[in-house]
Amino acid sequence: MTISTGTDSGLVAAEDVLLFVNAAITSTGQREFRSTAYQQQLSLEFLHEYVRVNYRRVYAAALALDINDHNAVLIVRGLLEHAADAGAEEKRTEGRLIAARLARLPPQRVYRLFRALRAARVNNRRTRAIMRDWLAARPDPAHDAVKYRSGLKTAARHVHLRFGGTGEPGGTGDETGDFLFRPGHRTSYRHGLLDAWRRAHYEQGAVEELPFTVAEGFAARRGMKREVFLERMAPRMTRLERLRTLGQRASGDDARPPADVDLTVMPLTRLALYVLSLGFEARSARRAELTDALRTAARRAAGPHAGGWGRVAAVLDDSYSSSGSGEKRRRPLAVALACHFLLEALAAPGAYSPLWTSGRADPLLVRPWGPTPLGIRVLDALDLTPHRLVIVSDGWDNAPPGLAGEVLRVWRTRLDPDRRTAVVHVNPVYDADGFDVRRLAPSVPTAGVRDAEDLPALVEIAGFAEGRTGAAALYAYLDRQVARFVSDDGAGATS
Amino acid sequence: MNRLELTGLTTGPAQVWGGIRLVPLVREQPVGGLRLHEELYSDHGHGVVDLGPRTHYASVVPHGFVADWSGEGEQSAAYGTQLGAAADSTAGNRPAPRTARLQRHRHHRMAKRRPGDRLRFLPLHLALEGYLALHFGGPAVAWEEWSRQALRDGLSPRAEDAYLGWSVRGLGDALRVFEIHPGQCGVMVYAADALAAAFVLPHPDDYRLLHPSLVEDLYGELIHQYALYGAPVPDFAARIPDGPQPWSLAALRAAARECEREWAEAHDTLFAGELLDSSYAFDRVYRMGPFTLWRFLPPFRPGGAGQHIGETITDHKGQVAYLKTFRLSEAQIRRGHLLHRLADADWRIAAAARALGTTEEEVVRRIRAAGFDSLLRARA
């Protein structure tokens with residue numbers, strides 16, 4: 001697949017594409033520090049429609065980038081709902097992209113997407129085929145039937161799926177169909193999970209055999225003690241469930257976590273969020289353990305780039321606005337913290353200098369408080385003559401307002417016109433009014449960021465925003481991403 | 001003492017949200033020996049204050065402030081703190097009570113001594129009551145123009161309107177997203193770049209706790225309308241001039257510092273000038289050790305810049321430790337002006353007309369238009 005537009009409109013189109021990619025990476029339609037959930041959704045909805053109508057190929061190609069799940073679902077939905085606008089060849093490429101993306105999405109999101117498609121009455125042949133393929137690729141339909149009962153039921157109804165068709169000699173598929181659509185028809189099930197669900201209604205021991213989210217409901221109904229229940233369920237939890245329930249499992253309020261939890265395997269940004277959810281005493285008491293886990297996760301995320309970025313300076317925003325909102329609690333601060341450890345891994349050993357806007361130096365004890373004197377901090381960072389300057393901030397520079405932009409402008413035009421220092425600004429917050437992430441200065445490329453792990457890829461995308469590489473290079477990049485994404489489909493599927 | 005001295009407070013860079021501009025005031029050193037706490041009241045703030053025999057003041061009183069000059073403020077607990085038994089004692093098994101009893105709505109006096117070196121006062125109401133009580137006794141001499149009610153009751157009942165901070169559009173959001181500076185002890189609130197209120201406290205910790213209380217304060221009609229109809233105000237973004245000078249990082253840093261200094265200067269002269277440059281009539285309310293609680297009234301000059309009433313606590317050097325102001329609307333300034341002129345002329349309409357440079361009929365018309373109709377006899 002190739003994406004091309006006329007050269008005259010090329011630059012404008014490239015800008016639109018970057019704008020959309022930034023929005024698709026950062027916005028989740030949830031409340032932010034400075035905008036409500038409704039504003040975010042309204043803004044995002046417009047942007048999706050605008051890009052879908054004007055640049056449908058780019059819209060589909062965005063699925064190959066590191067956009068967040070919320071936007072991936074919106075794009076898939078948009079493509080399937082407005083199928084008439086696409087030609088046969090386009091549809092084929094879209095189909096491949098959608099299938100590859102669905103394979104990587106968490107199943108609960110996909111089931112929610114299917115429900116939305118059903119509500120929107122999208123039931124064309126392509127949609128049915130995509131849904132059927134995805135359902136067929138699920139490792140265990142019985143597990144889905146228990147864990148995503150209504151989701152699977154809706155999807156199966158929508159695509160007229162027959163359980164227990166050919167190729168299932170054990171007949172468990174048939175069982176799944178009965179389990180969903182004819183409850184109470186069988187006295188027992190041969191499949192362990194289905195039978196556990198049946199037994200869990202009257203037998204407490206069976207609750208432990210169920211997936212965690214399902215078991216939670218039964219445990220509540222049985223009045224099981226939460227601590228005991230979590231302790232027993234620990235082996236059956238997913239990685240993130242284990243991280244989420246850590247605080248509840250620890251006996252005492254800030255005691256050490258259970259021994260079976262290995263923090264080092266958690267994704268970097270999730271880990272940063274977990275660290276920030278702890279109190280200051282707990283953070284300092286477990287300093288060695290937490291720092292070690294964050295460093296390990298960062299090294300894993302850095303991968304082949306580790307140590308290759310030379311002298312790096314980072315300006316990290318820990319102002320009050322980085323506390324996020326009730327829905328995205330401390331997200332911008334967690335991204336900054338994760339970026340701190342990732343940049344430490346990316347920089348040459350010992351050549352990394354972090355500068356928090358508050359002036360504090362201990363990354364583990366950061367807290368979102370105070371104004372954003374970004375301009376002064378950028379000056380401090382430039383004093384160190386780094387090869388790369390990374391600014392992690394929501395772009396609201398207020399002490400004094402706009403100083404960072406001015407400093408960067410003068411630096412670019414007067415002090416460093418031949419670009420010895422590469423400056424990049426990554427922004428974790430989508431600005432609903434501006435339809436983009438907030439920029440600091442026109443001369444500094446800005447990229448949206450959701451997970452710090454994507455930083456190397458984002459820096460590459462941000463390079464296109466600088467305007468030095470033409471629109472053609474951007475489209476070539478998109479083509480490469482699409483080809484890579486479609487070829488290794490399903491490889492990166494998450495649990 | 002006839003001026004407000006905001007020495008020790010430096011102006012920080014403003015933060016803008018929609019039509020509201022908030023300018024932080026930062027103290028290098030907190031004022032020693034004085035702390036302020038908040039005290040909440042029930043009944044959704046509907047409060048009645050006994051001022052004296054048969055005189056009451058009724059308003060929305062959502063909270064009061066308690067000034068503590070004992071010097072032990074560092075150790076005192078915040079509002080709502082409850083003492084419980086230790087966890088391992090026998091009494092510790094009982095859960096701590098989840099609710100705190102709020103004060104009943106009837107208050108005695110605007111400022112009332114509490115046990116220890118503490119004084120409870122009702123912020124802003126102290127100042128508003130000072131304005132409402134302006135020449136409250138009415139005509140001192142029974143000239144024939146004044147009605148029997150005016151001679152008997154004075155200006156009573158006297159009422160003024162104000163808006164709660166909740167109903168000032170954008171103020172709540174602006175306060176929510178405001179990023180408090182380290183060491184910040186005060187703020188100046190502007191709606192459509194008209195100074196709505198100034199709020200200064202002695203200690204940064206007090207400010208952090210009382211910052212949200214600004215949304216429960218009273219604001220004049222003018223501010224409410226400016227916030228409602230005003231367009232978003234622009235940020236005063238920093239500008240570094242592209243001079244021909246040789247650039248270096250040090251020069252860039254100096255230029256950045258210059259930006260900050262320019263803004264602070266511009267704010268103090270252009271924005272807050274009307275508050276800081278006018279002279280006030282100070283009325284001492286309470287003396288607490290080295291500190292004095294005052295309320296003040298502006299000179300009531302109509303047609304000029306905005307005028308503010310308010311209350312302040314100053315230390316023995318006259319330095320402001322606490323300040324809270326309320327911007328009067330134009331009509332309120334005119335009413336104050338008229339009452340002042342009448343009182344100066346011993347309530348003789350002819351003399352007041354001479355002082356105002358107009359005719360007696362015009363003065364009568366002004367009195368009626370100001371809402372003091374009941375003061376005049378029907379045939380006056």
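Two strands count as paired if DSSP finds at least two bridges between them. Keep that in mind for the sheets on this tour. The model is predicted.

**Stop 1: the small sheet of chain B**

Select S5 of chain B, residues 46–52. Add S8, residues 106–108 of chain B. Three bridges join S5(B) and S8(B), and the two run parallel. Pick Asp50(B): its bridge partner in S8(B) is His108(B).

Now add S6, residues 55–60 of chain B. S5(B) and S6(B) run antiparallel, joined by six bridges. Which residue of S6(B) stands opposite His46(B)? Label Val60(B) to see that partner. Gly47(B) has Ser59(B) as its bridge partner in S6(B).

Zoom in on the turn. S5(B) and S6(B) make a hairpin with two residues between them. Arg54(B) sits in that turn, with a positive phi of about 60°.

Show the three strands together. The order is S6-S5-S8, the sheet is open, and the pairing is mixed. S6 and S8 of chain B are at the edges with a single partner strand each, so one side of each lacks a neighbour in the sheet. On average, neighbouring strands here are turned by 25° against each other, direction ignored.

**Stop 2: the five-stranded sheet of chain A**

Move to chain A and display S2-S1-S3-S4-S7, in that order across an open sheet. The pairing is parallel. Which strands stand at the edges? Select S2 (352–356) and S7 (446–448) of chain A. Each has a single partner strand, so one side of each is left without a neighbour in the sheet. Neighbouring strands are turned by 20° against each other on average, direction ignored.

Select S1, residues 312–316 of chain A. Five bridges pair S1(A) with S2(A) in the parallel sense. Val312(A) is one residue to label, and its bridge partner in S2(A) is Tyr352(A).

Add H20, residues 331–346 of chain A. H20(A) lies across S1, S2 and S3 (388–392) of chain A, and runs at about 175° to S1(A). Then add H23, residues 455–465 of chain A, which packs on the sheet. H23(A) touches S4 (422–427) and S7 of chain A, and its direction makes about 135° with that of S7(A).

**Stop 3: the cores**

Turn to the largest nonpolar core, with 151 residues. Ala62(A), Cys339(A) and Leu342(A) have the most contacts inside it. H20(A) supplies the largest share of this core, 12 residues.

Center on Ala62(A). Beyond its neighbours within four places in sequence, Ala62(A) is in contact with Phe20(A), Val21(A), Ala24(A), Ile67(A) and Ile75(A). A second, separate core has 75 residues, including Leu34(B), Leu36(B), Tyr57(B) and Leu297(B).

**Stop 4: a helix pair in chain A**

Select H4 (residues 69–81) and H6 (residues 107–119) of chain A. Their axes are 10 Å apart, at an angle of about 30°. The crossing of H4(A) past H6(A) is right-handed.

Show side chains. H4(A) contributes Asp69(A), Val73(A), Val76(A), Arg77(A) and Leu80(A) to the contact. H6(A) contributes Arg109(A), Leu113(A), Ala116(A) and Leu117(A). By class, the contact has six nonpolar, no polar and three charged residues.

**Stop 5: where the chains meet**

Finally, show both chains. 22 residues of chain B contact 24 residues of chain A. Which helix of chain B gives the most to its side? Select H6 of chain B, residues 249–271: it gives seven residues. Color the chain B side by class to find 14 nonpolar, three polar and five charged residues.

Definitions and conventions. Residues numbered from 1 in each chain as written. Chains lettered and ligands numbered in written order. Predicted model: local features only at pLDDT ≥ 70, side-chain atom pairs only at ≥ 80, totals over all residues. Contact = placed C-beta atoms within 7 Å. Helix = DSSP H or I, 4+ residues; strand = E, 2+ residues; numbered from the N terminus. Nonpolar A, V, L, I, M, F, W, Y, C, P; charged D, E, K, R; others polar. Axes fitted to C-alpha atoms, helices over the stretch in contact; angles between N-to-C directions. Left-handed = near helix turned anticlockwise from the far one by under 90°. Core = buried A, V, L, I, M, F, W, Y, C linked by C-beta atoms within 7 Å. Buried ≥ 20, exposed ≤ 12 C-beta atoms within 10 Å, placed from the backbone.
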